[in-house]
Structure formats: structure tokens, C-alpha cells
Amino acid sequence: MGGIASALKNKMTEEFFRRMIEKEANIEGVPYKTHFDRPWGSSVVLDANTRLHYIANEPSVQMHRYRTEDYILQTGQIAVLRGVFYEGNLEKTIANLEETIMQPGDKIVIQPNIVHVPINLSENLNSTLIEISHGFYDEEDV
């Protein structure tokens with residue numbers, strides 16, 4: 001685990017996650033933009049390319065045209081389904097999704113134009129995922 005992920009790991013505590021869930025996210029006193037309106041949970045934007053996702057709800061299907069994403073699982077367990085999007089052929093897209101089960105510390109890379117679906121598998125339905133985006137980031141690129 002390199003640079004930013006190692007630094008974040010040292011700052012992540014139960015108290016940090018409590019504050020994130022309670023809409024009081026801070027690291028060393030610095031407030032970060034927090035999104036609570038996601039269908040899959042909430043996220044904290046740490047910088048232009050790095051987000052912490054608190055996955056507690058329903059899975060969401062995503063695909064990004066302009067960015068690659070690194071997923072690093074911090075806590076819990078998730079399955080990530082991913083594969084090629086066959087435009088106009090949803091059945092073929094679904095049939096060709098591959099599953100990766102992630103444990104804490106695991107990392108996967110999701111290339112642009114790849115459908116991906118993170119699914120929470122934790123018994124308590126709480127998983128924390130570090131997402132590092134590479135490339136143009138736009139909230140509309142989903």
C-alpha cells in the first residue's frame with residue numbers, strides 16, 4: 001500500500017468513521033466534503049482524486065468513460081462484479097461480469113468503460129473502500 005493509502009490508514013479510527021457517518025468528517029481538524037445521498041452509502045472527498053466510501057446500502061452499477069479507479073478495501077468484505085458493457089445487450093453484459101471478492105487490504109483496478117458493481121458482503125453491512133481516481137473526474141461521468 002503506497003503513499004496516500006498508508007497515510008490514510010494511520011488516521012482511520014472508529015472515531016473517524018463515526019464522524020463520517022454522523023456528518024462530522026474530519027482528519028486532523030480539516031473538514032472534507034461529504035456525500036450522504038448515494039444509493040450505496042456515503043463518501044468523503046479527500047482531494048480531487050481520492051475518496052473514502054462507506055458502503056452500507058444497495059449496490060450500484062457504475063461505468064466511467066474518462067477515469068480509472070483503484071479500489072482498496074479498508075474494512076469489511078465486498079464483491080465487485082465487473083466486465084465489458086455491451087451497448088444494447090444488457091443480457092450479454094450481465095452474463096459476462098466477473099466477480100472478485102475483496103478482503104481488507106485487497107486492491108483492484110477498474111479501467112475506463114468497464115461496468116462495475118460493488119456489493120457489500122459484510123455481516124454488519126458496513127464496509128469501507130478507498131477509491132483513488134486517475135484521469136478526468138466528473139460527478140456526471142457515471
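Here's a walk through the two β-sheets in this predicted model.

**The six-stranded sheet**

Start with the open sheet of six strands, in the order β3-β4-β5-β11-β6-β9, with antiparallel pairing. At its edges stand β3 (33-38) and β9 (107-110); each has a single partner strand, so one side of each is left without a neighbour in the sheet. Going from one strand to the next, the twist averages 25°.

At the β3 edge, the partner is strand β4 (residues 41-47), and the two pair in the antiparallel sense over four bridges. If you want a spot to look at, find lysine 33, which sits opposite valine 45 in β4.

Now hop over to the other edge. Strand β6 (residues 67-75) pairs with β9 in the antiparallel sense, again over four bridges. Here tyrosine 71 stands opposite isoleucine 108 in β9. Which side chains of β9 are buried, and which are not? They alternate along the strand: Ile108 and Ile110 point to one face and are buried, whereas Lys107 and Val109 point to the other face and are not. So that isoleucine opposite tyrosine 71 is one of the buried pair, because buried here means under 20% relative accessible area.

Strand β11 (residues 127-135) lies between β5 and β6 in the strand order. It's mostly covered, with seven of its nine residues buried. On one hand it pairs with strand β5 (residues 50-55) over six bridges, in the antiparallel sense; on the other, eight bridges join it to β6, also running antiparallel. You can trace both pairings by residue: tyrosine 54 has threonine 128 in β11 as its bridge partner, and arginine 67 has glycine 135 in β11.

Here are the antiparallel pairings of this sheet that come with a bridge count:

| Strand pair | Bridges |
|---|---|
| β3 and β4 | four bridges |
| β5 and β11 | six bridges |
| β6 and β11 | eight bridges |
| β6 and β9 | four bridges |

**The three-stranded sheet**

The other sheet is open as well, with three strands in the order β8-β7-β10 and antiparallel pairing. This time β8 (98-102) and β10 (114-120) are the edge strands; each has a single partner strand, so one side of each is left without a neighbour in the sheet. The twist averages 20° from one strand to the next.

Strand β7 (residues 78-84) pairs with β8 in the antiparallel sense over five bridges. For a landmark there, look for arginine 82, which stands opposite glutamate 98 in β8.

Terms used. Residues are numbered from 1 along each chain as its sequence is written. This is a predicted model: local features need pLDDT of at least 70, side-chain atom pairs count only at pLDDT 80 or more; totals for chains, interfaces and linings use all residues. Side-chain values use heavy atoms; hydrogens and water are left out. Two strands pair if DSSP finds at least two bridges between them. Axes are lines fitted to C-alpha atoms, for helices over the stretch in contact, and angles run from 0 to 180 degrees between N-to-C directions. Buried means under 20% relative accessible area, exposed over 50%, partly exposed in between (1.4 Å probe, protein chains only).
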